[in-house]
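Subject: Structure for you to look through

Hello,

I am handing over the structure we spoke about, and below it I have set out what was found in it. Please keep it open beside you as you read.

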Amino acid sequence: MGYLLLILLLIISMWYDITSWKIPNIYIIIGYILGIGKMILEWGWKGIVLFMIGSFLPVILLIFLQKIGIIGGGDIKLFSVIGGYCGREFVLFCMLYSFLAGAVLALLLLTFKKSFRRRFQIFFNYISAVIYTKTLVPYYEVERDKYEGVMHFSIAILIGTGICFYRYYKLL
């Protein structure tokens, strides 16, 4: 039952992300409350430490990608909720499966929009500029690029989490 609450929270967050390009902090707070409660019930007071490790690990690993505009802050917060709720090992595999799902979704989106060549040209121009200037600049900025070529990574996070639940617990 507890895992269904997390999946429901991810579905609601994904829907809000799709309709507004934002993941409200109230969903993150609810996820943290549910996660710390679950961890304390399962592990006692040790659950607080496990919750904190699981919550901070995605932030530490992904903050660089957020700083250069590859993923959004809401995506990192969703991974943080998943890590707090399910633990560090689960969230690492969840991130792996989510990035793989995101790659497949991105290829489908590029194919559907017929912008494969254009987006790869933008990507290679970015890499060339970073190498030439030896300066790391954001790859994507909403003000500059609008939403062209952007996908809702929360969809990939939901898919990756679903794969992890299936692999770990034979759920879903």
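Please bear in mind that this is a predicted model. To begin with one pair of helices, the axes of helix 1 and helix 8 come within 8 Å and cross at roughly 165°. Because angles over 145 degrees count as roughly antiparallel, helix 1 is roughly antiparallel to helix 8, and the crossing of the two is left-handed. On the helix 1 side the residues that meet helix 8 include Leu 6, Leu 10 and Asp 17, while on the helix 8 side they include Phe 153, Ile 157 and Phe 165. Sorted by class, this contact has 13 nonpolar, 2 polar and 1 charged residues.

A second pair is helix 3 (residues 46–67) and helix 4 (residues 73–86), whose axes come within 7 Å and cross at roughly 155°. These two helices are therefore also roughly antiparallel to each other, but helix 3 passes helix 4 in a right-handed crossing. Among the residues making the contact are Gly 54, Pro 58 and Leu 62 of helix 3, together with Gly 73, Phe 79 and Gly 83 of helix 4. This contact divides into 7 nonpolar, 7 polar and no charged residues.

Finally, the largest nonpolar core has 30 residues, and those with the most contacts inside it are Leu 6, Phe 79 and Ile 82. Helix 4 gives the most to this core, with 7 residues. Leaving aside residues up to four places away in sequence, Phe 79 touches, among others, Pro 58, Leu 62, Met 95, Phe 153 and Ile 157.

Best wishes

Conventions
Residues are numbered from 1 along each chain as its sequence is written. This is a predicted model: local features need pLDDT of at least 70, side-chain atom pairs count only at pLDDT 80 or more; totals for chains, interfaces and linings use all residues. Side-chain values use heavy atoms; hydrogens and water are left out. Axes are lines fitted to C-alpha atoms, for helices over the stretch in contact, and angles run from 0 to 180 degrees between N-to-C directions. Helices (H or I, at least four residues) and strands (E, at least two) are DSSP runs, numbered from the N terminus. Angles under 35 degrees count as roughly parallel, over 145 as roughly antiparallel, 65 to 115 as roughly perpendicular and the rest as oblique. A crossing is left-handed if the near helix is turned anticlockwise from the far one by less than a right angle, and right-handed if clockwise. Contact means heavy atoms within 4.5 Å. Ala, Val, Leu, Ile, Met, Phe, Trp, Tyr, Cys and Pro count as nonpolar, Asp, Glu, Lys and Arg as charged, and the others, Gly among them, as polar. A nonpolar core is a set of buried Ala, Val, Leu, Ile, Met, Phe, Trp, Tyr and Cys residues joined through side-chain atoms within 4.5 Å. Buried means under 20% relative accessible area, exposed over 50%, partly exposed in between (1.4 Å probe, protein chains only).
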